[in-house]
Amino acid sequence: NYPELIQIRLSSEYKNMIKQTKERDDYRCFWCGERGVELHSDHNLPFIDYERLRLEPNNIQTLCIPCHKIKTKGDRIGIYIFN
């Protein structure tokens, strides 16, 4: 149910969890360690597929935009490539 998913992402509980995970990760990219850049909060196991893990901080990692793109592409094809 798409409206329900939007409602979860807009909830104060979800926003607070995202803030806490960025603090936990010291505002650094979990993959490359970059700091001082725009960061995304990424679900290790996809938000859409794992309802019980949507609000689980241990299922969230903080990623910079380049690493998030790599991870998303890897999720789609099932592999990860690192330099």
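Colleague: Where is the place of Y2 in this model?

Modeller: Y2 sits in helix α1, which covers residues 2–10. Keep in mind that the model is predicted.

Colleague: Is Y2 buried or exposed?

Modeller: Exposed means over 50% relative accessible area. Y2 has 62%, so Y2 counts as exposed.

Colleague: Which residues form a nonpolar patch on the surface with Y2?

Modeller: I6 and L10 do. Together, the three residues Y2, I6 and L10 have about 350 Å² of accessible area.

Colleague: And the inside? Which residues make up the largest nonpolar core?

Modeller: The general idea comes first. In soluble globular proteins, nonpolar side chains tend to be buried together. Here, the largest nonpolar core has 7 residues: L5, I8, Y14, M17, I18, F47 and I60. Helices α1 and α2 (12–24) each supply at least two residues of this core. The largest share, 3 residues, comes from α2.

Colleague: What lies apart from that core?

Modeller: Another core, of 5 residues, lies apart from it. C29, L39, C64 and C67 are among its members.

Colleague: Back to I8. What is I8 in contact with, leaving aside its neighbours within four places in sequence?

Modeller: Y14, F47, R54 and L55.

Colleague: How many aromatic pairs are there?

Modeller: The count comes to 1. Y14 and F47 form an edge-to-face pair, 6.0 Å centre to centre, with 80° between the planes. Edge-to-face requires over 60 degrees, so 80° qualifies. The pair links distant parts of the chain, 33 residues apart. Y14 is in helix α2, while F47 is in the loop between β1 (39–43) and β2 (60–64).

Colleague: Are Y14 and F47 buried or exposed?

Modeller: Both Y14 and F47 are buried.

Methods: Residues are numbered from 1 along each chain as its sequence is written. This is a predicted model: local features need pLDDT of at least 70, side-chain atom pairs count only at pLDDT 80 or more; totals for chains, interfaces and linings use all residues. Side-chain values use heavy atoms; hydrogens and water are left out. Patches are made of residues with over 30% relative accessible area and no salt bridge: like charges are joined within 9 Å, nonpolar side chains (Val, Leu, Ile, Met, Phe, Trp, Tyr) within 5 Å. Accessible areas come from the Shrake-Rupley method with a 1.4 Å probe; for residues, only the protein chains shown count as cover. A salt bridge is a side-chain nitrogen of Lys or Arg within 4 Å of a carboxyl oxygen of Asp or Glu. Helices (H or I, at least four residues) and strands (E, at least two) are DSSP runs, numbered from the N terminus. Buried means under 20% relative accessible area, exposed over 50%, partly exposed in between (1.4 Å probe, protein chains only). A nonpolar core is a set of buried Ala, Val, Leu, Ile, Met, Phe, Trp, Tyr and Cys residues joined through side-chain atoms within 4.5 Å. Contact means heavy atoms within 4.5 Å. Rings of Phe, Tyr and Trp (its six-membered ring) pair if their centres lie within 6.5 Å; planes under 30 degrees apart count as stacked, over 60 as edge-to-face and the rest as tilted.
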